[in-house]
Every structure is written in structure tokens, then in C-alpha cells.
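Open the model in your viewer and keep the selection panel at hand. The stops below go from the whole chain down to single residues.

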Amino acid sequence: MADTENQRSSRIKDRLKAYFTLNFENIRLTIAEKLILILSTVITILVSMIFGGIAVLFITIGIAELLALWLPQWVCYAIMAGVNILILLLVLIFRRQLIINPLSRTITKIILS
């Protein structure tokens with residue numbers, strides 16, 4: 001009878017150890033998956049911002065050159081610089097609505113899924 005109890009308790013200990021080992025491994029893999037998703041999201045946003053900035057630069061130069069048909073060139077570039085500064089100020093003023101909230105929603109969605 002004591003041998004049966006020892007075997008049963010040994011089997012329970014082995015199963016509990018296997019259970020906790022598998023749960024720990026699952027947690028590690030889930031954390032790794034979430035980190036990969038977060039890093040890929042951040043890298044995608046950074047690359048998009050870089051290429052978007054380059055596109056805005058070329059669009060700004062194109063508009064300035066188009067305005068140069070009617071105005072002096074230095075005035076055109078000054079106007080476009082002013083427009084870009086105004087856009088930058090608007091982004092800084094509304095950064096919570098434009099940047100922080102969407103980014104935090106995305107990261108929260110990744111972590112809680």
C-alpha cells in the first residue's frame with residue numbers, strides 16, 4: 001500500500017512538473033511572439049515615416065517650383081517652409097490624438113491578443 005502511494009505521489013509530482021514546465025515554455029513563447037509583433041510594428045512605422053518624409057520633401061519642392069512660375073523662388077521656398085512648420089506645429093499640438101493614442105492602442109491590442 002505504501003508503494004502504491006509513493007508511486008501515485010511520484011506520478012503526480014512528475015505530471016505537475018511537466019505541467020509547469022509546459023506552462024513556463026508557453027509563457028516564454030507568447031512573450032517572444034508579442035515582442036516580435038511590437039518590434040515589427042515599430043520598424044514598419046519608422047520605415048513608413050522615413051519614406052513619408054522623403055515624399056513630403058519632394059512634394060514640397062515640386063509645389064515650390066510650381067509657385068516659382070508666378071513668384072520669386074525665395075518666396076516660394078519661404079512659403080513652403082512656413083507650411084511645413086505649420087504642419088509640424090499641428091502634429092506637435094495634436095500628438096496625443098495623432099501618435100500616442102493609436103500607437104498605444106496597437107501595442108495594447110498586440111499584448112492582450
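The tour starts with the overall shape and ends with a few distances to check.

**Stop 1: the whole chain**

Select everything. Keep in mind that this is a predicted model. Colour by secondary structure. The chain has three helices and zero strands. Followed along the sequence, the pattern reads α-α-α.

Now align the view to the principal axes. The C-alpha atoms fill a box of roughly 105 × 25 × 15 Å. How does the radius of gyration of the chain stand against that of a compact globule of 113 residues? The chain has 29 Å, where such a globule would have a value near 13 Å.

**Stop 2: the surface**

Switch on the surface. The chain exposes about 9,600 Å². Carbon and sulfur atoms supply 73% of that area. Buried residues account for 7% of the 113 residues.

Next, colour by charge. The chain carries 11 positive and 6 negative charges. Take the mean position of each set, and the two points lie 8 Å apart.

**Stop 3: the aromatic pair**

Select Y19 and F20, and show their side chains. A search of the whole structure finds one aromatic pair. Y19 and F20 form that pair, and the arrangement is edge-to-face. A pair of aromatic rings is described by the distance of the centres and the angle of the planes. For Y19 and F20, the centres are 5.3 Å apart and the planes stand at 70°. The pair counts as edge-to-face because its angle of 70° is over the 60-degree cut-off.

Are these two rings buried or exposed? Y19 is partly exposed, at 47% relative accessible area. F20 counts as exposed, at 54% relative accessibility. The cut-off for exposed is over 50%, so F20 at 54% passes, whereas Y19 at 47% does not.

Stay on Y19 for a moment. Y19 sits in helix 1. Draw a C-alpha to C-alpha distance from Y19 to I85: the two are 59 Å apart in space and 66 residues apart in sequence.

**Stop 4: the salt bridge**

Select E25 and R28. Side chains of opposite charge can pair when their charged atoms come close. The structure holds one salt bridge. The side chains of E25 and R28 make that contact, at 3.2 Å from N to O.

Where do the partners sit along the chain? Both belong to helix 1, which covers residues 2-67. E25 and R28 are about one helical turn apart, because three residues separate them in that helix. Both are partly exposed: E25 has 32% relative accessibility, and R28 has 47%.

**Stop 5: along helix 1**

Select L35, a residue of helix 1. L35 is partly exposed, at 48% relative accessibility. Draw a C-alpha line from L35 to G62. The line spans 40 Å, with the two positions 27 residues apart in sequence numbering.

Move to I63, also placed in helix 1. I63 has a relative accessible area of 36%, which means partly exposed. From I63 to L46, the C-alpha distance is 25 Å and the sequence separation is 17 residues.

**Stop 6: I45 and L103**

Finish with I45, which lies in helix 1. I45 is partly exposed, at 34% relative accessible area. Add L103 to the selection. How far apart are I45 and L103 in sequence and in space? They are 58 residues apart in sequence and 9.6 Å apart in space, C-alpha to C-alpha.

Conventions: Residues numbered from 1 in each chain as written. Predicted model: local features only at pLDDT ≥ 70, side-chain atom pairs only at ≥ 80, totals over all residues. Heavy atoms only, no water. Phe/Tyr/Trp six-rings, centres within 6.5 Å; stacked < 30°, edge-to-face > 60°. Buried < 20%, exposed > 50% of the residue type's maximum accessible area, 1.4 Å probe, protein only. Salt bridge = Lys/Arg side-chain N within 4 Å of Asp/Glu carboxyl O. Helix = DSSP H or I, 4+ residues; strand = E, 2+ residues; numbered from the N terminus. Rg over C-alpha atoms; globule rule 2.2 N^0.38 Å. Areas by Shrake-Rupley, 256 points an atom, 1.4 Å probe, with all protein chains shown as cover. Lys, Arg positive; Asp, Glu negative; His and termini not counted. Charge placed at Lys NZ, Arg CZ, Asp CG, Glu CD.
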